[in-house]
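Work through the exercises below with the sequence and the 3D view open. Try each task before reading its solution.

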Amino acid sequence: QTECVVKDNLPSKEVLESEKKEEKDRMHSIADFDHTKLKHVTPDVKTVLPETTVVEQEKREINLRNQIEKGKDLKHVETVEKQSLPTKEVIETEKRLSAAGEA
């Protein structure tokens, strides 16, 4: 026969009552807190500025974009597209290679 042992992991009635009392005491201390005892504090806000090299680089990029948009110092250029056609010798060689591959 196996004996069954029941473990009671729940807190006792006394523990629950003491926890409730502690909670009530905490809530009263929060409600009764005198906020006039607190001092006013002005927050010290610190802003981190970027390094001078980063600022200079951004200025150069902005100036370059502005110059490109205005067209300053740009010359008009016409695009010429060139297509080279194969010579007769290249065509003949390709014909012979394709004919040899089919046979």
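Helices (H or I, at least four residues) and strands (E, at least two) are DSSP runs, numbered from the N terminus. The model is predicted: local features need pLDDT of at least 70, side-chain atom pairs count only at pLDDT 80 or more, and totals for chains, interfaces and linings use all residues. Residues are numbered from 1 along each chain as its sequence is written, and side-chain values use heavy atoms, without hydrogens and water.

**Exercise 1.** State how many helices and strands the chain has.

Solution. The chain holds three helices and zero strands. Along the sequence this gives the pattern α-α-α.

**Exercise 2.** Find the salt bridges and place them.

Solution. Step 1: apply the rule, a side-chain nitrogen of Lys or Arg within 4 Å of a carboxyl oxygen of Asp or Glu. The count is two salt bridges.

Step 2: take Glu 23 and Arg 26, whose N to O distance is 2.8 Å. Both lie in helix α1, three residues apart, about one turn of the helix.

Step 3: take Asp 25 and Lys 21, with the closest N and O atoms 3.5 Å apart. These two lie in helix α1 (residues 13-31), four residues apart.

**Exercise 3.** Is Lys 21 buried or exposed?

Solution. Step 1: buried means under 20% relative accessible area, exposed over 50%, partly exposed in between (1.4 Å probe, protein chains only).

Step 2: Lys 21 has 53%, so Lys 21 is exposed. Its partner Asp 25 has 42% and is therefore partly exposed.

Step 3: for the whole chain, 0% of the 103 residues count as buried.
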